[in-house]
Amino acid sequence: MKDIKVVYMGTPDFSLEPLKVLIEKTNVVLVVTKPDAFVGRKKVLTPSPVKKLALENNIPVVTPTSIKKEYQSVIDVEPDLIVTCAYGKIIPKEILDYPKYGCVNIHASLLPKYRGSAPIQWALINGEEDTGITLMYMDEYMDTGDIIDKVTYKIKDSDDIGTLHEVLSKLGGEILDKNLDSLLNGNVNREKQNDEEATYAPMIERSMEELEFNNNGKNIINKIRAFSPWPLTKTNVFGEEIKVIKAHFEKEKSEINKLYVDKNKLGIGVIDGIVYLDVIKPIGKNVMDIKNYLNGKKGNVLDGKE
């Protein structure tokens, strides 16, 4: 299999496991990833995780700003197979039509559910019981190609975007490893997607971080999980903005948006009970549990008033 020339296209940490499989088993002749980006408060120009791994393994890397216009470098290496995972850009037909073994994508949902850029987050937001990974052939549209294989993961109550990201990334490497021989010998059962069953997972916007408490507790907790540990949901208490990392829900009598406070607990009323904040990050401060946060408040804090 080391004579098989592969081009890999991916960008974030999520994309690393499949690349590791390909490095071990094939000849990865080129990696395509997004351009270096400014990261952190100091705006340090930083390569993508995929670029770092490729360079560590002496694999050539290109970082086109527009793959639709700058695709010739992919054609020039004459790939037998192209694999993508969380690359984040639509692949042009000129690339899709080139490799004899096709272009395949590793997508973090059970297609045709949650086509799009944020499938893991939306599975959590919508309270899905299951999610998973789909290995699929690519076509000119977003996540609509024929399915090669799927693996299902049962979402735990303790899962958030961080844990689910880690689990599905590992499964992405495993599903590629499992199907690599079949892809290269043509022994693949292609399953067309049912477009009528398709749902979509649009990009997460900054405006979605705000928590709205005129909702039921389960939905609010699901949203907190979908945004933790990044980019985090936010709300205002005692006149200051806080980011919410962990919370839990208790079904009890309440008033929507009212604060319920004692020295160890801080809750906010919702439609069917109270959402209690467990771990938070006040703006400009370190992460802390709610007890330490309340200990730092001056005077008596009662029903949201100092």
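**Exercise 1.** Place Asp149 in its strand, then say whether Asp149 is buried or exposed.

*Solution.* Start with the strand: Asp149 sits in S9, residues 147-154. Strands here are DSSP runs of E with at least two residues, helices are runs of H or I with at least four, and both are numbered from the N terminus. The model is predicted: local features need pLDDT of at least 70, side-chain atom pairs count only at pLDDT 80 or more, and totals for chains, interfaces and linings use all residues. Residues are numbered from 1 along each chain as its sequence is written, and side-chain values use heavy atoms, with hydrogens and water left out.

Next, check the cover. Asp149 has a relative accessible area of 15%, so Asp149 is buried. The cut-offs are under 20% for buried, over 50% for exposed and partly exposed in between (1.4 Å probe, protein chains only).

**Exercise 2.** Find the side chain that makes a polar contact with the side chain of Asp149.

*Solution.* Look at Asn179. Its side chain joins that of Asp149 at 3.0 Å. A polar contact is a pair of N or O atoms within 3.5 Å; within protein, one must be able to donate a hydrogen and the other to accept it, and residues adjacent in sequence count only if both atoms are side-chain atoms.

**Exercise 3.** Describe how S10 and S11 are arranged.

*Solution.* S10 covers residues 233-237, and four of its five residues are buried. S10 pairs with S11 (residues 240-250) in the antiparallel sense, over five bridges. Pairing requires at least two DSSP bridges. Lys234 has Lys243 in S11 as its bridge partner. Two residues separate the strands of this hairpin, and Phe238 in the turn has a positive phi of about 50°.
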